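This briefing introduces a protein structure to a reader who has not met it before. Please look over the sequence and the structure before reading on.

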Amino acid sequence: VDDGNLITDGSFENRSDGAITLDQNSDRMVIWNGTGTIVTDKVSDGSKALKVTPDGSEKELCFVYFVSLEQGKTYTFSMDVSTTETAYFKLKPADTEQDMVCTTSDVGTTGFRRMTFEYTADAAYSSARVKLGAGAANTDVYVDNVVVKEKKVDDGNLITDGSFENRSDG
């Protein structure tokens with residue numbers, strides 16, 4: 001079923017338990033300065049989530065998805081995050097360090113918190129980075145329900161074809 005999510009398996013339900021190896025070209029996701037493990041003991045929804053463990057380098061821990069965006073379209077980005085640190089959620093072109101949008105949340109909880117933002121693409125991006133970061137702390141970050149969807153325009157009318165334009169004459 002195509003639910004419109006630009007992220008394949010953002011709930012991690014179709015991945016095998018245990019350590020994962022990510023390839024930016026095939027998975028369209030990568031972890032920087034850490035490792036990823038599919039876990040079943042701490043999830044937001046469903047039966048699996050991604051646990052990102054820092055590598056001890058004291059560098060910024062990042063979990064990144066690469067998505068394509070069409071100019072002029074509005075997208076909703078969201079994911080469930082659990083960490084005891086402040087987390088941020090950014091969108092940036094793949095070939096630059098300039099943020100297009102950024103939201104920060106002091107997650108500071110052992111439970112999950114939903115992080116969400118919207119963005120209208122000012123240009124076409126064949127490979128924009130959706131980046132979750134948790135600073136340089138050596139604290140695990142759990143991620144679940146990663147969703148990037150085009151926001152559909154709803155005019156608010158609950159009547160279908162109220163202008164009768166799509167009916168046959170007679």
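The points below cover the overall fold, the nonpolar cores, the aromatic pairs, the cavity and one loop residue.

The model is predicted. Its protein chain has 170 residues, of which 41% count as buried. The secondary structure comprises one helix and 11 strands.

**Overall architecture**

- Read from the N terminus, the elements follow the order β-α-β-β-β-β-β-β-β-β-β-β.
- Among contacts in the protein chain with a separation of 6 or more, 72% involve residues 24 or more positions apart.
- The chain exposes about 9,300 Å², and carbon and sulfur atoms supply 44% of that area.

**Nonpolar cores**

- The largest nonpolar core has 33 residues; those that touch the most other members are Phe12, Leu50, Phe63, Leu69, Phe77, Leu132 and Val143.
- Two or more residues of this core come from each of β2, β4 (49-54), β5, β6, β7 (87-93), β9, β10 (125-133) and β11 (141-150).
- Another core, of five residues, lies apart from the largest one and includes Val30, Val64, Phe66 and Tyr88.
- Leu69, a member of the largest core, has contacts beyond its neighbours within four places in sequence: Tyr75, Phe77, Leu91, Tyr119, Ala121, Ala123, Ala124, Tyr125 and Ala128.

**Aromatic pairs**

- A pair of aromatic rings is described by the distance of the centres and the angle of the planes.
- The structure holds four aromatic pairs.
- One of them joins Phe12 and Phe63 in a tilted arrangement, with 6.4 Å from centre to centre and 55° between the planes.
- Phe12 lies in the segment before β1 (18-20) and Phe63 in strand β5 (residues 62-69), so this pair ties together parts that are 51 residues apart in sequence.
- Phe12 has 0% relative accessibility and therefore counts as buried; Phe63, at 2% relative accessibility, also counts as buried.
- A stacked pair is formed by Phe77 and Phe117, whose centres are 4.7 Å apart and whose planes differ by 15°.
- This stacked pair links distant parts of the chain, as Phe77 belongs to strand β6 (residues 74-83) and Phe117 to strand β9 (residues 109-120), 40 residues apart.
- Phe77 and Phe117 are both buried.
- Phe12, Phe63 and Tyr65 together form one aromatic cluster.

**Internal cavity**

- A search of the whole structure finds one cavity of 30 Å³ or more.
- The largest cavity holds about 30 Å³ of space.
- Its lining consists of Val52, Leu61, Cys62, Phe63, Leu132, Gly133, Ala134 and Val141.
- The elements that give two or more residues to this lining are β5 and β10.
- Phe63 and Leu132, both in the lining of the largest cavity, are also among the residues that touch the most other members of the largest nonpolar core.

**A loop residue**

- Arg28 is found in the loop between α1 (24-27) and β2 (29-32).
- Because its relative accessibility is 28%, Arg28 counts as partly exposed.
- From C-alpha to C-alpha, Arg28 and Ile7 are 8.5 Å apart in space, and in sequence they are 21 residues apart.

Terms used: Residues are numbered from 1 along each chain as its sequence is written. This is a predicted model: local features need pLDDT of at least 70, side-chain atom pairs count only at pLDDT 80 or more; totals for chains, interfaces and linings use all residues. Side-chain values use heavy atoms; hydrogens and water are left out. Rings of Phe, Tyr and Trp (its six-membered ring) pair if their centres lie within 6.5 Å; planes under 30 degrees apart count as stacked, over 60 as edge-to-face and the rest as tilted. Helices (H or I, at least four residues) and strands (E, at least two) are DSSP runs, numbered from the N terminus. Buried means under 20% relative accessible area, exposed over 50%, partly exposed in between (1.4 Å probe, protein chains only). Contact means heavy atoms within 4.5 Å. Accessible areas come from the Shrake-Rupley method with a 1.4 Å probe; for residues, only the protein chains shown count as cover. A nonpolar core is a set of buried Ala, Val, Leu, Ile, Met, Phe, Trp, Tyr and Cys residues joined through side-chain atoms within 4.5 Å. On a 1 Å grid over the protein atoms alone, a cavity is a set of points where a 1.4 Å probe fits but cannot get out, and a pocket is an open set with protein on both sides within 12 Å along at least five of seven lines; lining residues have an atom within 4 Å of a point. Grid points are joined across faces, edges and corners, and a volume is the space filled by probe spheres set on the points.
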